[in-house]
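Colleague: I am new to reading protein models and would love some help. Could you take me on a close look at a single part, and show me how that part sits in the whole?

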Amino acid sequence: MLVVMKSGATETEFERVLKKIESFRFRAKISNDANCTSIDIIDGDGSIATAIFENFAGVAETIQTTKPYKLASRNSIQKKSVVKVGATEIGGAELTIIGGVCAVETPEQAFTVAEAVKKSGAKLFRGGAFKPRTSPYGFQGLGEESLQILAEIRAHFGLQIVTEAMDNEQVDLVEKYGDMIQIGTRNMQNFSLLKRVGKSHLPVLLKRGLSATLDEFLFAAEYIIAEGNRNVVLCERGIRTFANHSRNTLDLSIVPAVQKVSHLPIIVDPSHGTGKNYMVAALARAGVAVGADGLLIEIHPSPENALSDGEQSLLPEQYLELVKQVKAIHDVLSPVEV
Ligand code: PEP
Ligand code: MN
């Protein structure tokens with residue numbers, strides 16, 4: 001943060017500002033130019049609000065100069081990060097498709113969808129074992145049994161497994177069976193869970209919170225990276241707004257916004273972002289056009305019988321057609337550097 005002093009600021013006024021900075025255990029660097037003198041607060045972690053200095057005598061204005069999340073920001077790493085899930089790269093030249101089922105219901109259901117995912121050329125399979133349901137009476141997932149089915153899918157199709165953990169114990173299980181840990185929207189600010197996955201050897205797919213701002217989203221990523229796990233992929237999955245024509249409002253503007261300030265890859269989930277089968281393809285195409293590194297798509301062999309998220313699930317043949325379309329869009333855009 002920069003504290004710009006008025007041209008006639010007195011020495012006592014300077015001293016007061018410097019003492020305050022010292023009281024937060026941060027260092028200050030004074031710079032003079034022809035028009036004004038300013039004090040740069042260095043070592044700051046963003047915890048001091050600019051407002052604190054605004055009412056100090058002698059202060060002309062305060063300016064937030066750097067992003068307070070350091071490890072997730074482009075100030076720390078200028079080049080885009082590529083996150084590896086097994087041999088698959090997210091954030092590199094190729095578009096990443098994560099296809100799969102909302103919840104693993106039966107081996108047949110999961111294998112049918114995995115077959116379509118494999119056929120599409122995608123490398124990552126998503127299947128829910130622990131489901132964060134709004135109602136406690138909703139299908140909660142098959143737990144470890146699902147993870148065993150997912151491990152069979154990996155062995156059979158050579159697909160890498162992405163699956164959600166909602167607490168620390170579930171992270172232990174996902175580490176045993178899976179290849180990437182999903183943190184769902186409802187847990188984006190579950191800080192002890194973020195710290196736990198920050199210690200994991202597996203990459204993390206971090207979904208944006210239902211009402212999270214860009215800064216809150218990146219702070220959540222910062223929690224993970226600060227524990228040592230740099231392999232974080234962000235996922236826009238829609239936010240809660242007044243609009244009720246879709247389940248959530250897919251906020252595609254967050255993609256270039258993230259890319260401007262962060263080096264982390266970001267993918268788009270048009271399934272939860274819209275909640276409607278008929279909207280998924282349109283928003284998936286838009287997500288790729290806006291520059292996302294990949295997509296997360298839910299598929300079900302008979303959506304009307306799905307135990308969760310049937311309304312938004314694509315049929316395998318709809319999914320296969322969509323993958324063709326988004327690959328074509330990505331090919332047109334691939335020379336564009338972000
Ligand atoms: C899911 O991916 O099935 C899921 C529950 O996602 P979200 O956390 O975005 O609601
Ligand atoms: Mn779902």
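What follows is a walk from the whole chain to the surroundings of one serine, with two other stops on the way.

Modeller: Happy to! Please keep in mind that this is a predicted model. Let us start with the overall picture. The protein holds eleven helices and 14 strands, and its C-alpha trace spans about 75 × 45 × 40 Å along the principal axes. The domain assignment gives domain 1, covering 2–63, and domain 2, covering 83–333. Taken over C-alpha atoms, the centres of domain 1 and domain 2 are 44 Å apart.

Of the 338 residues, 52% are buried. The protein exposes about 15,400 Å², and carbon and sulfur atoms supply 52% of that area. As for charge, there are 36 positive and 40 negative side chains, with the centres of the two sets 2 Å apart. Looking at contacts between residues at least 6 apart in sequence, 67% join residues at least 24 apart.

Now for the close look. Find S246, in the loop between β12 (232–236) and α8 (254–261). Is S246 buried or exposed? Its relative accessibility is 9%, and buried means under 20%, so S246 counts as buried. Leaving aside residues up to four places away in sequence, S246 touches T274, K276 and M279. The side chain of S246 also has a polar atom 2.7 Å from the backbone oxygen of N248.

Follow the chain onward to α8, where you will meet Q259. With a relative accessible area of 8%, Q259 is below the 20% cut-off and therefore buried. What does the side chain of Q259 have 2.9 Å from one of its polar atoms? The backbone oxygen of G291 lies there. So far, then, we have two buried residues, S246 and Q259, each with a polar side-chain atom close to a backbone oxygen: that of N248 for S246, and that of G291 for Q259.

For a last stop, step back along the chain to helix α6, residues 191–198. The buried residues of α6 are L193, L194, R196, V197 and G198. What covers them? The cover includes two helices, α5 (168–177) and α7 (214–226), along with the strands β10 (180–183) and β11 (204–207).

Definitions and conventions: Residues are numbered from 1 along each chain as its sequence is written. Chains are lettered from A and ligands numbered from 1 in the order in which they are written. This is a predicted model: local features need pLDDT of at least 70, side-chain atom pairs count only at pLDDT 80 or more; totals for chains, interfaces and linings use all residues. Side-chain values use heavy atoms; hydrogens and water are left out. Helices (H or I, at least four residues) and strands (E, at least two) are DSSP runs, numbered from the N terminus. Buried means under 20% relative accessible area, exposed over 50%, partly exposed in between (1.4 Å probe, protein chains only). Contact means heavy atoms within 4.5 Å. Accessible areas come from the Shrake-Rupley method with a 1.4 Å probe; for residues, only the protein chains shown count as cover. Lys and Arg count as positive and Asp and Glu as negative; His and the chain ends are not counted. The place of a charge is taken as NZ of Lys, CZ of Arg, CG of Asp or CD of Glu. Domain bounds come from an automatic or database domain assignment. A polar contact is a pair of N or O atoms within 3.5 Å; within protein, one must be able to donate a hydrogen and the other to accept it, and residues adjacent in sequence count only if both atoms are side-chain atoms.
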